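This report is written for a reader who wishes to follow the sequence and the coordinates side by side. It takes up backbone angles, the ligand site, salt bridges and the surface in turn.

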Amino acid sequence: MGVLLGLFVGFGLVLVRHQLDSTFSDVDDLRRFSNLSTLASIPDIRGGWFDRGRTAQLPTMTDGVSVASEQYRILTLRIRIMIDRECAQILLFTSSAGAEGKTTTAVNTAFALSQIQQDKVLLIDADLRKPGVRGCLTQVANGRLGPPEGLLGLVNSPGGLAPECFGRIGKLYILASADGSADSLRDVSSESLRKTLAKLRKQFKYIFIDSPPLLPMVDAHLLADLADRVVLVVRANRTRRETLARALQSFDMSKVLGFVLNGVDYSRARYGPVYDNYVKAYTTSTKPKRGAKFQIR
Ligand SMILES: Nc1ncnc2c1ncn2[C@@H]1O[C@H](COP(=O)(O)OP(=O)(O)O)[C@@H](O)[C@H]1O
Ligand SMILES: [Mg+2]
């Protein structure tokens with residue numbers, strides 16, 4: 001009786017938890033929620049307990065044969081086809097709330113894009129209150145990443161765009177901000193921001209902007225207005241439906257290119273075995289070089 005009762009209560013608790021969970025665990029969940037397309041499903045990129053550092057954050061740079069970097073390349077290719085078709089240049093990465101993977105997605109896709117074509121790609125860190133690009137790149141790259149003012153430095157300087165404002169890894173140019181260098185874009189007039197972006201449009205074929213989340217502040221709304229297209233990052237098993245719905249209601253949906261479902265647990269997905277096979281068949285002989293660093297110029 002005791003065992004049966006225990007099983008019954010356990011089963012009931014699992015059921016209640018499942019009912020209360022309003023997050024998305026896979027692409028099908030997102031499809032049922034919205035008509036917007038899901039551009040990619042990025043796996044959870046944290047390694048084992050010994051590898052839970054930030055180096056795992058940039059698989060496109062540190063582990064080119066991993067499932068994650070292949071998924072980032074697929075995402076990049078889809079984005080490129082879509083924005084080329086409409087001659088769009090500026091793509092904003094945002095999400096409903098924080099820590100959903102905007103910076104990780106923006107840096108990986110910008111780097112992957114710089115690898116698959118000839119033109120210059122610019123990555124701007126416009127999350128001025130919580131900049132992440134500088135920190136995540138310095139884990140895998142040596143060199144200068146330009147002055148701490150980043151985007152605000154350009155907006156506030158009436159002159160041209162000095163080359164020393166940017167860091168560069170191959171064809172990827174980086175305009176990074178540093179912690180505490182600025183409050184937010186709130187006080188910047190959209191006109192001066194628009195003018196700066198107009199200058200940048202002439203220099204770069206693609207401009208990817210990493211931005212703050214949509215719900216708590218105005219910055220991403222301001223940037224979305226100036227961008228050509230927007231990518232919404234949704235964190236698997238973390239972003240709640242209510243939160244995402246509210247974020248979607250709060251701004252111009254016509255610009256949204258689609259979702260990126262980030263941090264999916266592939267081992268639980270129905271298609272998981274396909275990737276398992278990929279790992280076994282293709283990646284065992286090519287282990288990533290630990291500690292290899294890129295040079296920022
Ligand atoms: N696909 C992923 N799998 C596992 N961890 C991830 C993934 N994407 C991001 N993270 C981790 O989540 C945290 C927040 O990511 P970040 O890109 O900084 O989010 P945001 O820019 O939205 O605040 C970081 O610690 C990052 O390493
Ligand atoms: Mg960020």
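In which loop is the place of Asn237? In this predicted model, Asn237 sits in the loop between S8 and helix H10, the latter spanning residues 241-249.

**Backbone angles in loops**

Asn237 has a positive phi of about 60 degrees, although the residue is not a glycine. As a general matter, most residues other than glycine have a negative phi. The relative accessibility of Asn237 is 41%, and the residue therefore counts as partly exposed. Cys87, which is likewise not a glycine, has a positive phi near 50 degrees; Cys87 is found in the loop that runs between helix H4 (67-85) and strand S2 (90-95). With a relative accessible area of 69%, Cys87 is exposed.

A further loop, between helix H7 (150-156) and strand S5 (167-169), holds Gly159, a residue that is partly exposed at a relative accessible area of 40%. The C-alpha atom of Gly159 is separated by 26 Å from that of Ala88, and the two residues are 71 residues apart along the chain.

**The surroundings of ligand 1**

How many residues surround ligand 1? The shell consists of 14 residues, and the closest of them are Ile45, Lys102, Thr103, Thr104 and Asn262. Sorted by class, this shell has 3 nonpolar, 6 polar and 5 charged residues. Atom pairs that place the ligand against the protein include one between a polar side-chain atom of Asn262 and a nitrogen atom of ligand 1, at 2.7 Å, and one between a backbone N or O atom of Gly101 and an oxygen atom of ligand 1, at 3.0 Å. A backbone N or O atom of Gly263 lies 3.4 Å from a nitrogen atom of the ligand. Taken alone, ligand 1 exposes 560 Å², of which the protein buries 82%. Two or more residues of the shell are given by each of helix H5 (102-116) and strand S9 (256-264), and H5 gives the most, with 3 residues.

Thr104, one of the closest residues to ligand 1, is also joined to Gln57 through a polar contact of 2.9 Å between the two side chains. Gln57 lies in the loop between strand S1 (38-43) and helix H3 (59-62). Is Gln57 buried or exposed? The relative accessible area of Gln57 is 13%, which lies under the 20% cut-off, so Gln57 is buried.

**Salt bridges**

A search of the whole structure finds 13 salt bridges, and the table gives some of them, with the distance between N and O atoms.

| Basic residue | Acidic residue | N to O distance |
|---|---|---|
| Arg31 | Asp28 | 3.6 Å |
| Arg201 | Asp228 | 2.9 Å |
| Arg268 | Asp265 | 3.6 Å |

Arg31 and Asp28 both belong to helix H2 (residues 27-33), where they are 3 residues apart, about one turn of the helix. Arg31 is exposed, with a relative accessible area of 53%, whereas Asp28 is partly exposed, with a relative accessible area of 27%.

Arg201 and Asp228 form a salt bridge whose closest N and O atoms are 2.9 Å apart. This pair links distant parts of the chain, since Arg201 lies in helix H8 (residues 190-203) and Asp228 in the loop between helix H9 (219-226) and strand S8 (229-235), 27 residues apart. Arg201 is partly exposed, with a relative accessible area of 26%, and Asp228, at 23% relative accessibility, also counts as partly exposed.

In the salt bridge between Asp265 and Arg268, Asp265 is partly exposed, at a relative accessible area of 28%, while Arg268 is exposed, with a relative accessible area of 73%. Elsewhere, Glu191, Arg194 and Asp225 are joined into one network by salt bridges that share partners.

**A nonpolar patch on the surface**

Which residues form a nonpolar patch on the surface? The patch is made of Val3, Leu4 and Leu7, which together have about 350 Å² of accessible area. Leu4 lies in helix H1, which covers residues 2-20. The relative accessibility of Leu4 is 57%, which is over the 50% cut-off, and Leu4 therefore counts as exposed.

Note on methods:
Residues numbered from 1 in each chain as written. Chains lettered and ligands numbered in written order. Predicted model: local features only at pLDDT ≥ 70, side-chain atom pairs only at ≥ 80, totals over all residues. Heavy atoms only, no water. Patch = residues over 30% accessible without salt bridge, like charges linked within 9 Å, V, L, I, M, F, W, Y side chains within 5 Å. Areas by Shrake-Rupley, 256 points an atom, 1.4 Å probe, with all protein chains shown as cover. Salt bridge = Lys/Arg side-chain N within 4 Å of Asp/Glu carboxyl O. Helix = DSSP H or I, 4+ residues; strand = E, 2+ residues; numbered from the N terminus. Buried < 20%, exposed > 50% of the residue type's maximum accessible area, 1.4 Å probe, protein only. Near = heavy atom within 4 Å. Polar contact = N/O pair within 3.5 Å; in protein donor to acceptor, adjacent residues only side chain to side chain. Nonpolar A, V, L, I, M, F, W, Y, C, P; charged D, E, K, R; others polar.
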